[in-house]
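Colleague: I should be grateful for a close look at one part of this model, namely the aromatic residues and the helix packing around them. Please set out the geometry and the surroundings in one connected account.

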Amino acid sequence: MSVNNDKPHVIVLPEDDADRQIANGFLLDPSIKLRNIQVLGPARGWGKVLDRFLDVHVAELRKWPQRHLVLLIDFDGHVDKRTEQFISQFPEDV
């Protein structure tokens, strides 16, 4: 089910299938409005999450101001390094 881009909504971009399953588990909560959240298919790696964020989702976040994006990745013991890699590339306006 796709979200209504003109209303507040959340898009979840998971790194792998395990992260996708975690995100889908939250959708089982009856208080969640399924039209307000969309879990995308796995990006297949934390680097690909970052690439897809920069190549696709930055423009969409600018186009749809009601959108929120969750980048769901595993840190695999590299919390500081990966956090810095992501934060250093986040545009200030999003």
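Modeller: The account below begins with the aromatic rings and then turns to the helices, one residue of their contact, and two loop residues.

This is a predicted model, in which local features need pLDDT of at least 70 and side-chain atom pairs count only at pLDDT 80 or more, while totals for chains, interfaces and linings use all residues. Residues are numbered from 1 along each chain as its sequence is written, and side-chain values use heavy atoms, with hydrogens and water left out.

The structure holds 3 aromatic pairs; rings of Phe, Tyr and Trp (its six-membered ring) pair if their centres lie within 6.5 Å, and planes under 30 degrees apart count as stacked, over 60 as edge-to-face and the rest as tilted. One of the pairs is formed by Phe53 and Phe90, which meet edge-to-face at 5.0 Å centre to centre, with 65° between the planes. Phe53 belongs to helix H2 (residues 46-63) and Phe90 to the segment after helix H3 (79-87), so this pair ties together parts that are 37 residues apart in sequence. Helices (H or I, at least four residues) and strands (E, at least two) are DSSP runs, numbered from the N terminus. Phe53 counts as buried at 5% relative accessibility, whereas Phe90 is partly exposed with a relative accessible area of 34%. Here buried means under 20% relative accessible area, exposed over 50%, and partly exposed in between (1.4 Å probe, protein chains only). Phe90 also pairs with Phe86, again edge-to-face, at 6.4 Å centre to centre and 80° between the planes. Phe86 is buried, at 6% relative accessibility. Together with Trp46, the residues Phe53, Phe86 and Phe90 form one aromatic cluster.

The helices come next. H2 and H3 pack at an angle of about 15°, and their axes are 11 Å apart. Axes are lines fitted to C-alpha atoms, for helices over the stretch in contact, and angles run from 0 to 180 degrees between N-to-C directions. That angle makes H2 roughly parallel to H3, a term for angles under 35 degrees, with those over 145 roughly antiparallel, 65 to 115 roughly perpendicular and the rest oblique. The contact (heavy atoms within 4.5 Å) is made by Trp46, Val49 and Leu50 of H2 and by Arg82, Gln85 and Phe86 of H3. By class, it comprises 4 nonpolar, 1 polar and 1 charged residues; Ala, Val, Leu, Ile, Met, Phe, Trp, Tyr, Cys and Pro count as nonpolar, Asp, Glu, Lys and Arg as charged, and the others, Gly among them, as polar.

Within this contact, Gln85 of helix H3 is partly exposed at 28% relative accessibility. Gln85 touches Trp46 and Leu50, residues up to four places away in sequence not being counted.

Two loop residues complete the account. Arg44, in the loop between strand S2 (37-39) and H2, has a phi near 75°, a positive value in a residue other than glycine. Arg44 is exposed, with a relative accessible area of 65%. Asp76, in the loop between strand S3 (67-72) and H3, likewise has a positive phi, of about 45°, although it is not a glycine. Asp76 counts as partly exposed, at 48% relative accessibility.
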